[in-house]
Amino acid sequence: VSEPEDVRILSMQLGDETQIVNTAGKLIFAGRNLDLLYDLFTGEPRFIVQRRYEKLSEDENGWVTESEVYSTLYDLEGTLLRDENKVEYNAAFGDYLISWAPNGNGKLFRFSTGEIVLENISYALRMGDYVSVYDEESNPLIWVDADGNLMEARAVNCYESSNPDYYVSYSREGDAYGLLDRTLEEVLPQAYEPLQGVGAYILTWDGTMSKALRLSDRTEVFSIDGWVLIYYDGEVGIIQSEDYGNCWLIDGKGEILSNDACNYINAGAEFYPAEAFVAERLGAGLLLNQQGAVLAQKPGGYFNELSSGLYALTWSTQDAEGNHVSHSCVLDENGNTVIPEGRYNWLNSCYDRSGPCGLLTGAYRTGQGSYLTDLLDADGRILLSGLNSVDQTSGDYLVVKKGFSAGIMDLEGNWLYRTSAFQSLDDD
């Protein structure tokens, strides 16, 4: 029987054993020290790696102080590809694989042919449209594109900006910043202090003035003197003092919306543009609207953005025994209650390997030290209830534990793969 084309592969941890399973309900592999090795280009599983650790020495308390690692490589069906060897497979991208040996002689080789392309390497990182391969001193050696073409690496120091299509470049001294596109070509020179891509804008600071430039053509659309601009969407901005202290909300013309400074104001770049702003002032958590008015506040509490237009307020109290008890509620961008206090002790966004996946979890106490979890959609509606844990998300599939069972479940609560949550008599 053929498996569906969109079958996904996930790993789940049960005690000291890892199980590699797929959403068609097949157990592919089970054992200790198993990992999925993900493709740096696609973000999808590429290989299964099993490691074995051999102790070389220990201290007087029996703690291992030195060991060697041996790795075995399998495909995603569990078929042996490479016998156990004294190497660590630490990166895969397209037809390339990196193996790192204890002597430091890491190798980049083509998996299909076994050809060694480069030696004396250490690690690889995804940078825009390329994977950059480095030596032990973090010098770039070679770039590889998604088609497998090799090219000369440029000495580029950069990190991801708030906009996934752009990277912030920086000087070796760390005192000048610029902007690169996904091909790592220069968009703005390293002529600024802090610089970031936020939504449709580039925000720059040259030590005296902040500017907002339109990303599409780098046209200046806003500037403000003497303040660091840390958020801007055309209608609302956040400015911070030059010493990176207090923050204020401003309108699109630069007018401060509230004279009361905040210790911080945050607009989650993952949900741009912001429909409301989470902040803190003098130890109180605040939720501010786009006009700077306080929608809600809680001394000792804090807000976090769960999804676009949904905000969790969390705080703690002490019970009669002196134990700290967490409380949570959820408000929308207008300050209206979506989930009242008393249902959950805390709420969080769910993430997959690419970021927020549009799902939330709400945990609630059921007894002394015991909690269960509900899975919610981005609007706070319950999809699944009474889960012991949500350990991983991948598309519409979850690795969960519920009751005495563990496995893969879809968003309708159907078990696609199910096994016992207890793998030995010693499991709790």
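A residue is taken as buried when its relative accessible area is under 20%. By that criterion, buried residues account for 44% of the 428 residues in the chain of this predicted model. The secondary structure consists of 42 strands and 0 helices. Measured out along the principal axes, the C-alpha atoms occupy a box of roughly 65 × 60 × 55 Å. 

A good place to begin the tour is the N-terminal part of the chain. Here an open sheet of 3 strands is arranged in the order β1-β2-β3, and its pairing is antiparallel. Strands β1 (9-14) and β3 (27-31) form the edges, each pairing on one side only. From one strand to the next, the twist averages 15°. Strand β2, which spans residues 17-22, is joined to β3 by 4 bridges in the antiparallel sense. Within this pairing, Gln-19 has Ala-30 of β3 as its bridge partner. In a regular strand, side chains point alternately to one face of the sheet and the other.

A second antiparallel pairing is found between β20 (residues 195-198) and β21, again with 4 bridges. The two strands form a hairpin with 2 residues between them, and in this hairpin Gly-199 adopts a positive phi near 60°. Val-198 has Tyr-201 of β21 as its bridge partner.

Tyr-201 also leads into the aromatic contacts of the model, where 14 aromatic pairs are counted. In one of these pairs, the rings of Tyr-201 and Tyr-232 meet edge-to-face, with 5.1 Å from centre to centre and 80° between the planes. This pair links distant parts of the chain, since Tyr-201 belongs to strand β21 (residues 201-205) and Tyr-232 to strand β24 (residues 228-232), 31 residues apart. Both Tyr-201 and Tyr-232 are buried. Elsewhere, ring pairs connect Phe-41, Phe-93 and Tyr-96 into a cluster.

Aromatic rings also take part in contacts with charged groups. The charged end of Lys-298 is placed over the ring of Trp-315, at 4.6 Å from the ring centre. For Arg-353, the charged end sits over the ring of Tyr-38, and here the distance to the centre is 3.5 Å.

Arg-353 appears once more in the description of the largest pocket, which has a volume of about 840 Å³. This pocket is lined by 32 residues, and those closest to its centre are Gly-43, Asp-352, Arg-353, Ser-354 and Gly-355. Two or more lining residues come from each of the strands β35 (346-352), β36 (355-367) and β39 (389-394). Of these, β39 provides the largest share of the lining, with 3 residues.

Enclosed space can be considered next. The structure contains 1 cavity of 30 Å³ or more, and the largest cavity holds about 40 Å³ of space. Its lining is made up of Cys-247, Trp-248, Leu-249, Ser-258, Asp-260, Cys-262, Ile-265, Arg-281, Leu-288 and Gly-292. Strand β26 (residues 247-251) contributes the most to this lining, giving 3 residues.

Technical notes:
Residues numbered from 1 in each chain as written. Predicted model: local features only at pLDDT ≥ 70, side-chain atom pairs only at ≥ 80, totals over all residues. Heavy atoms only, no water. Pairing = 2+ DSSP bridges. Axes fitted to C-alpha atoms, helices over the stretch in contact; angles between N-to-C directions. Phe/Tyr/Trp six-rings, centres within 6.5 Å; stacked < 30°, edge-to-face > 60°. Buried < 20%, exposed > 50% of the residue type's maximum accessible area, 1.4 Å probe, protein only. Lys NZ or Arg CZ within 6 Å of the ring centre and 35° of its normal. 1 Å grid on protein atoms, 1.4 Å probe; cavity = no way out; pocket = protein on both sides within 12 Å on 5 of 7 lines; lining within 4 Å. Points joined across faces, edges and corners; volume = space filled by probe spheres on them.
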